[in-house]
Protein chains: 4
Amino acid sequence: MSLSFLGDLLQTITDRGRDLIRGRAQAPEEGDLSLACETLLSSRGEASGTGRALAILDRWEALDDAGRLGFLKMLADRYGPDPQRLARAVDAWRADPGPLTMAALHEAAEPRRQELIRRLNLAPGGIATLVRMREELFRHQGEHPALDAVDADFVHLFSSWFNRGFLVLRRIDWTTPAHILEKIIQYEAVHEIAGWDDLRRRLAPADRRCFGFFHPQLPDEPLIFVEVALTRDIPATIAEVLAEDRTPIAAEQATTAVFYSISNCQKGLRAISFGNFLIKQVVEELRRDLPGLDTFVTLSPVPGFAAWVKGEEGRPAALDQPGWWRDEAVRAEVEQALLPMAARYFVEARGRGGRVIDPVARFHLGNGARLERINFLGDLSPRGFKQAHGLMVNYLYRLPDIEKNHEAYAVQGKVVAAPAVTRLLKTAPKSRRKQG
Amino acid sequence: MSLSFLGDLLQTITDRGRDLIRGRAQAPEEGDLSLACETLLSSRGEASGTGRALAILDRWEALDDAGRLGFLKMLADRYGPDPQRLARAVDAWRADPGPLTMAALHEAAEPRRQELIRRLNLAPGGIATLVRMREELFRHQGEHPALDAVDADFVHLFSSWFNRGFLVLRRIDWTTPAHILEKIIQYEAVHEIAGWDDLRRRLAPADRRCFGFFHPQLPDEPLIFVEVALTRDIPATIAEVLAEDRTPIAAEQATTAVFYSISNCQKGLRAISFGNFLIKQVVEELRRDLPGLDTFVTLSPVPGFAAWVKGEEGRPAALDQPGWWRDEAVRAEVEQALLPMAARYFVEARGRGGRVIDPVARFHLGNGARLERINFLGDLSPRGFKQAHGLMVNYLYRLPDIEKNHEAYAVQGKVVAAPAVTRLLKTAPKSRRKQG
Amino acid sequence: MSLSFLGDLLQTITDRGRDLIRGRAQAPEEGDLSLACETLLSSRGEASGTGRALAILDRWEALDDAGRLGFLKMLADRYGPDPQRLARAVDAWRADPGPLTMAALHEAAEPRRQELIRRLNLAPGGIATLVRMREELFRHQGEHPALDAVDADFVHLFSSWFNRGFLVLRRIDWTTPAHILEKIIQYEAVHEIAGWDDLRRRLAPADRRCFGFFHPQLPDEPLIFVEVALTRDIPATIAEVLAEDRTPIAAEQATTAVFYSISNCQKGLRAISFGNFLIKQVVEELRRDLPGLDTFVTLSPVPGFAAWVKGEEGRPAALDQPGWWRDEAVRAEVEQALLPMAARYFVEARGRGGRVIDPVARFHLGNGARLERINFLGDLSPRGFKQAHGLMVNYLYRLPDIEKNHEAYAVQGKVVAAPAVTRLLKTAPKSRRKQG
Amino acid sequence: MSLSFLGDLLQTITDRGRDLIRGRAQAPEEGDLSLACETLLSSRGEASGTGRALAILDRWEALDDAGRLGFLKMLADRYGPDPQRLARAVDAWRADPGPLTMAALHEAAEPRRQELIRRLNLAPGGIATLVRMREELFRHQGEHPALDAVDADFVHLFSSWFNRGFLVLRRIDWTTPAHILEKIIQYEAVHEIAGWDDLRRRLAPADRRCFGFFHPQLPDEPLIFVEVALTRDIPATIAEVLAEDRTPIAAEQATTAVFYSISNCQKGLRAISFGNFLIKQVVEELRRDLPGLDTFVTLSPVPGFAAWVKGEEGRPAALDQPGWWRDEAVRAEVEQALLPMAARYFVEARGRGGRVIDPVARFHLGNGARLERINFLGDLSPRGFKQAHGLMVNYLYRLPDIEKNHEAYAVQGKVVAAPAVTRLLKTAPKSRRKQG
C-alpha cells in the first residue's frame, strides 16, 4: 500500500516538479556559466538553489561540443581544492594531530566540484544530466588528462547515489511500457535484438524472463538488465536459445535458468558496478517464484579468446579459412585442438597484472561462479567467430559455493572450473609463450 | 505511466528484498561485530556485501544501550583516517603539488567510516537503521565528544543521500494510508494533534492541506511536513485555525494559504535541511491548483520571546499573574507594553554570534520571508504563554521578494518587516541591556 | 503492469470525469424532474445522456425527504410497462407463439424504469446515488407498497451490476487509506469497534487479517468485509479474540483462521448477496499465503436463541436474574440446561417455512459450513446476553465437505453438526411445543 | 489515493482469482455441458457457482467449431422462456392487471439464458469469454436465424455491463504497456498501422494523442480508441497527417484537434455503442489540457461514396482509368464533377429507410457534428480510391451546436453542413434516379 503511495510521489520530481521550478527560475542566467556555478556554490542552501541548479543544467544541455568541453575543463581547472586552504589545514594537523584537524584537512582537500555537483543534483531529475555529463567527459578524457580528476569525483558521488541500497530490481516483460522496452532494444549489447518481434520472443513466452535494475531518480532508464531462458538442460549454443520457431515450455517444467545476455545501459555509469548484485538477486527471485529450478548458469561469450589464441602455438591453421566449420573433418580437428587451448586460456593463462584475460570470465569468476563447460561452435554469428572462433562457455552459479569460489579467485587468483574443463587441461600442450 | 512502473519497483527493496537477502545471509556472524565491519570494509564489492551489511545492521538493532554506544565509539576510535597513510599523502603533495597528489591526499584524509557507512547502506532499507544510529549518537554526544567526528561523517553522507533532488513532495490527506497518518500524529511538534478526530479536522476539510517530503528509501516515513489552512484573511490566533466547530470554505474561495505548523520528523536527520525547499515548493503547488490564492503566510510561534523578555526593562509585572489576560484592563496594558518589545526582539535584538534570537524567525527570515504581523494573544495554550506570553507572528512569503529578502538577511543581517511592525519600534524604549 | 495501467483509468470516472461532465451540463434543468427523466429516456443514446443523467442525480441528491419520496413514487406510477403495448404483445404472442413474439413480449413487459435506471447509471459514479436511492426507498416501502415493484427493478439491475465477476477482493490493513478505514469502524455490525485504537488492534497485529469486497464503481466503499484472527486453537469466547493485552503470534505459527465478524456495509444493496463468495475466497487467499493453516472456522453470535428459548419448556429461571453467570453453581446449572436446548435450536427446531430459525446459522449452513461447537458464555456483552444468554458458536468450513454439506442443507434441510453437538441432543428433552 | 488502492484490487480478478478458483474447481465436469449449465442455473447462488461457471467457460474455450455452434444452438433451443409458465403469467395478468402480475409476467417472459449468462459471468474474467462467444455467434447467425434471440440477450446484458458509467477513458501513448499497444496495431481499422515504428509516429510526438475506453473487467483490451493529430489547420489529406518526415509542433501551439481514426476493437461488442461518448469526452479532455485548442474536427473516410456514385448520372468516365489523378487536366475535370455529387451524396441522397447513406456520416451527424468540408484527393491509398475515389471529409464538433445539430438530424433527418458544402449543391445537377 505504502508503495503505491510512494509511487505517486515520484511524479513530483520528474514531471511537474521540473516544470514548476523551471517556471519560477526567471530567465536562466544569461551571463557566464561559470559565474552561475560560483553563485550556486556560494549560496547558503536556500530554496533558490533548486532553480539555479536547473538553470545551469538546462544551459549545459543546450551547449555545443566545444561549450561542453569548456565546462568540463572549467570543473577541472577551477574547482579543485583551494591549495592555500589545504596548506593551512596540513599545517594545523601537523601542529596538533587529532580527529578535528584531520577532519578539517579532509574537508580542505575535497575538490570544490564535489559540492558543486551535489548542488547541481538539487535540480529535479538533475542526475540524468549529470550522467550524460560524464559520458561527454569520456569523449575528451584521452586528450585532456586533467579531466581524470573530474571523473574521479563523478565516480565518488555516483557510487554513493547509485549505492545498491537505492537500486530497485524490476521484471521487464511484454506488459512493460513501450518507452522502456525501446531502450532494451537499444541497449542490448551481447546478442542484438533485431526489432520488436525479436524483443517479443525474448520477453513474452512463458519460459523467458528479463530483469533490470532501476534507480528512483531515473525511472525510465534501466541501468543494467539480464535476459534469462528457462530450460530443461544447460544449452550449448545461443541458436537454440534464440530460435524463432522453438516451442516454449511451461515455466514450472524448467529446471535450469540460463543467463544468456547481460547489458550495462548507461555509459555515464561506467565503473559503478551493479552486475554482481543483479545476478545474485535474480537467482533469488527465480528460486522463490519457481521452486523447480535447481541450476543457474550463464551462456556467455568469450570475447578475448581469438586475440589470445593468435599468439599460441598449436593454433589450427584451419581457423583462417572462412566457413571451416562446415567441413566435418576440419571441424573435428579444430575442436580437438581448440578446447584444450580454451581450458588453458581460462584456467592457466594470465594477462596484464596477472589477471584472467577474458573480461567476461573475470566478471563471473569474481562473482563466485564456476567455469562449467566450454561449448564448441556455440555462437555461429560473425561476431562469435571473430571474437572466439565460435566458442561459448557456461558459468555456473551455485549459491552455497559462491562465497568460497569468490575467495579462491579474489585471494589466490584461482579459477574454479568443473572437472570436465580441468580434464581438458591435461591434453593441452603447455604454452611456451611468456604471459605478459 | 512510467511512474506506476517505478512505484512497483520499490517493493523489492523494502519488503521482499530484505527478506530474500536475510534468508541467504547464512547465520549472521556470531563473532565480533568489529570483525564483521572490517570484513565488510575489506571485501571487494562482491554481492555478499549486501548480506554482510544487513547482518551487521540486524545485530546493531538487537544491541542494548551499552552495546550501541560501544559500536559508535568503535567507529570514532578505529575508523578515522589512517595517520601514517595521511602523513605519506601530505608528503607526496608537498613534494609535487598537483591534482593527483591532492586527490590522493583527499582520499587519505577520508575517515574509513565513511566507506563503512556507505557499505552498510548496501543493505535494502539500511538507511532507516543508519538514521536511527545517528539518533542514538545524539544521546551520547554530550558525554563523548569523540563522537562529533562520527556525526560529521553522518552529516556528510546524509546530505548527499537526502539531497533535495531525491526527495519527493506528497500531499497528505484523509485518503493517505493510516500507518503514515499515525506518524503525522506522532511527529507533530508545534500544535499537538489530540487524536484521530483532531487529525481528521486538519486533513479532511476542503480548506485544509498538508504536504510532506518523503525519500524513496524510507517510503513510510515523512521527513518533514507542513499543515496549511486556506482562509480569506491572515489569521491572528491559532484558535480560529483549529476551532472544532468552524465552517469550512470552498478551496476556490480562499485567498490566503496559512502555514500554521511545520514539523521535522526524523531526529536522526537533524541539520540536514529540507524546510526551506518544502515551503517554496508547497507555495508552487498551491498556486498551481488554486489560482485564487494570492497570500502565503505563516502563523508561527515565538519560542524564544518569554526567555528574552525576562531580562528586559519595561517587562509588565502582570505577566507573572496567572490568567492575567482574562482581565480587560490588564490585557490592554500588557498589550501596549509587549508589542513594541516584541518588535524589538525580532528586528533589533541579537543573540549569540549576532544572530536573530528566535529560532523560528531565523528559519523563515533565512528563507526570504518578511515579518508581517505580531499577534497579541495569538496562542492561549499553556505552551503559548510559557514560551511567548501568548504572542504569535505571521511571516509573509512573497515569491518576487524572497531572493531580495534572503540576501538582506543573509548578507547584511537585516530583518525585513512590514511597516506595521517597524512602526511599533518607534514606541519601544531602547533596551539598555547589552546583547550577548 | 496492466493493472496499474487500469488503476489510473478509474480516475476518470470518480473525479475528473464527473467534474468535466458537470461543467458542460449547462445549468441542471430547472423544470420538472419528471420531464428531465422523460427526456433522458427518449433520447437516442447520444452523448448528452451522460450530462442529463448527472443533472438528474445531482438534483435528486439535493431534494428533501418529501421530494425524494415523490420521485420514487413517480418511478412506481409512471415507469411501469405500458399496458396497451403489453396487451398487444400478448396478443401477438398468442397469435404466433415463437421466439420472436416471446422476445417482444418480454420487452413490452419490462418496466420503463429499468431503462431509466440504466441511463441514470450513465453518469460517472452514478451508481453511488442509485444505491442511496434504494436506501431511501426502504424507509418508505412499508407505507407505500407500490414501491415494491421499484425495488424489484433495483434488485434486478444491481444483481447484474454487482455480479460476483465484477467484485474485487482486497485486504484491508493498517496501511489502508484512512477514509476507507473510517468506514470499517462505521460499518462494523457484530462487535462494535470502539475507535481508532481498537481498529488498529484488529488490523495491525501479525495475527490479524481483514478482507473486503469492493466494486470498481464504488472504489471508496467496502461492500462487505470479514475480520479474521489467526490462532492456534478454535476460540470459545470473543473476549479472548479481542483482548487488548493479548500477545500476538507470528502468522506462520497459526493453524486456525477464525472469522469472528462479517458485516454488510451498504443498506442499499440488501439482498444482493456477496457473503458466501467472500468467505470462500478469503479461505483460498489465506491458504495460499499461510500454508500452515488447516482449520477455518467462525466465532459467531446466535441472535435468535434468547427469543426462541423464551417459549421453551425447561428454560432455566435463573436466566432472568441479572449477572446469574457470576455465581458458579448457577452457572453450572444453566450450562447443563442450556447447551442441549441450543443443540436442539440449531439441529431440530424450525421456524417459518420450515427454516432453521437462526439467521446467522442459515447463512453459514447455506454456505456449506458445519455447526462445530456451542460455546457457553462465549459473549459476555449486554447484547450477547440479550440475544443469546451469552452463547456463541463455531461454524467450520472444510473445503472438501462444503458442497456436500450445502446439498444436505439446501435439498433436505439437514443441519450438519459435529458429534459433540449431536451428542448434546440426546440429553435434550424433546420440546412439546409445536414449531411454527 | 483510493484509486491506487482500487487499482490493486483488480489483480484479484484477472490473475490470481482465476487461478485460485480454477485450482479448487475439482476436475471440470466431464459429463454433458448442458447438464453443467442446468446445474449452474438451478443452484442457489452459493459460492460453488463461481467454480461451476469457470469450468463451463473453460470447456467452451476448448470446444471445436462444431461444439461451439452446438452450445449456442442449445442456448437458443432450450434456454428461452418456459411457454407454459409464460401462458400462466399472461392469464394471471389478464385476470388481475396490476404491477405485481405485470412484474411476474415480465419475469416469466425472460429467456432463461439471461440468468445463465449472468451466472457464467460469475467466473472471474468470464466476460472476456462471453464476448468471444458472441463473436462466434456472428459467424453462424446467417445460417441459423434461431441465434437471433440469443444475440438479443447478449445485447441486453452487454448494454448493461458495458454501460458508459462503467467505462474508463485512458490516454494511450508511448509509455503504455506493450501488450496493449500491440492491440492498437492489430485493431486499427481505418488507416493501417504498418508496425511499431509507424505506431511510435502516431503516439510519441508532442502533437499526437490517442485515447481509448476500457472496462475494468477487460483491463488489457481497449474497447474503442481514437487517434488525434494536433495541428494549426484543418487537414485536407491523410498523407499530411501521417507523413513520416513531418516536423512535430508543440502541443501548446496547436489550435485544431483532428480525429483521424476511430476504431472499434471488440467484434463481440457490436451494437453496444461507445463511440459518441468517446469523442465528446476526448474533446473535454483536450480542452482542459490544451486551452489553445478551438477547433475539433475529424478527417474521415467516405466508405459508401464510390458504390453510390456508380449509379449516378454525370459520373466522370475518367474514374475508371487507373491513375487518373496523375493527369492534371483529368484531375480538374473530375474534381468539378465529383465535389457537387459528393455534396448531394451527403446532404440530399438517402438510402434504405430514408437514412443518410454513408455509415461514417451517420455516426458523426448522429453525434451532432456538422459536415464541414469535402476534400478532393484526400486519400490516395488503394482503399481510398476504391471506396471513395480519393475523397475525404471533415466533420466539425462544435460543443455549443452539438445538441442542436443532433436534434436536427435525429428528428427531422436534416444534415447540417457548412456553407462551403451547401454551395456545392447549387452546381449539382439533380439526380434523376430515385432513391431506394
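These legends go with a set of close-up views of a predicted model.

**View 1. Chain A as a whole.**
Start with the overall make-up: chain A has 19 helices and 7 strands. Of its 436 residues, 61% are buried. Now take the contacts in chain A between residues at least 6 apart in sequence: 75% of them join residues at least 24 apart.

**View 2. A:Asp207, in a loop of chain A.**
Here we zoom in on A:Asp207, which sits in the loop between α11 (196-203) and β2 (208-214) of chain A. Is this aspartate buried or exposed? A:Asp207 is buried, with a relative accessible area of just 2%, and the cut-off for calling a residue buried is under 20%. So who is around it? Setting aside neighbours within four places in sequence, A:Asp207 touches A:Val228, A:Ala229 and A:Leu230, and also A:Arg246, A:Pro248 and A:Ile249.

**View 3. B:Asp401 and its arginine partner.**
Over in chain B, the residue to look for is B:Asp401, part of helix α18 (residues 399-412). B:Asp401 counts as buried too, with a relative accessible area of 16%. Which residue does its side chain pair up with? That would be B:Arg398: the two side chains are joined by a polar contact of 2.5 Å.

**View 4. Helix α8 of chain C.**
This one follows a single helix, α8 of chain C, made of the 16 residues 126-141. From first C-alpha to last, α8(C) reaches 22 Å, close to the 22 Å expected at 1.5 Å a residue. Why call this helix largely enclosed by the rest of the structure? Because 12 of the 16 residues of α8(C) are buried. The buried set includes C:Ile127, C:Leu130, C:Val131, C:Met133, C:Leu137 and C:Phe138. Also on the buried list are C:Arg134, C:Glu136, C:His140 and C:Gln141, along with C:Gly126 and C:Thr129.

**View 5. Where chain C meets chain A.**
The last view is the contact between these two chains, with 5 residues coming from chain C and 5 residues from chain A. How much area do chain C and chain A bury between them? About 450 Å², with 66% of it on carbon and sulfur atoms. On the side of chain C that touches chain A, the residues split into 2 nonpolar, 2 polar and 1 charged. If you go hunting for salt bridges across this interface, the count is 0. Residue pairs in polar contact, with both at pLDDT 80 or more, also come to 0 between chain C and chain A.

Key: Residues are numbered from 1 along each chain as its sequence is written. Chains are lettered from A and ligands numbered from 1 in the order in which they are written. This is a predicted model: local features need pLDDT of at least 70, side-chain atom pairs count only at pLDDT 80 or more; totals for chains, interfaces and linings use all residues. Side-chain values use heavy atoms; hydrogens and water are left out. Contact means heavy atoms within 4.5 Å. Buried area is the accessible area (1.4 Å probe) that two parts lose on being put together, summed over both. A salt bridge is a side-chain nitrogen of Lys or Arg within 4 Å of a carboxyl oxygen of Asp or Glu. A polar contact is a pair of N or O atoms within 3.5 Å; within protein, one must be able to donate a hydrogen and the other to accept it, and residues adjacent in sequence count only if both atoms are side-chain atoms. Ala, Val, Leu, Ile, Met, Phe, Trp, Tyr, Cys and Pro count as nonpolar, Asp, Glu, Lys and Arg as charged, and the others, Gly among them, as polar. Helices (H or I, at least four residues) and strands (E, at least two) are DSSP runs, numbered from the N terminus. The expected span of a helix is 1.5 Å times one less than its number of residues. Buried means under 20% relative accessible area, exposed over 50%, partly exposed in between (1.4 Å probe, protein chains only).
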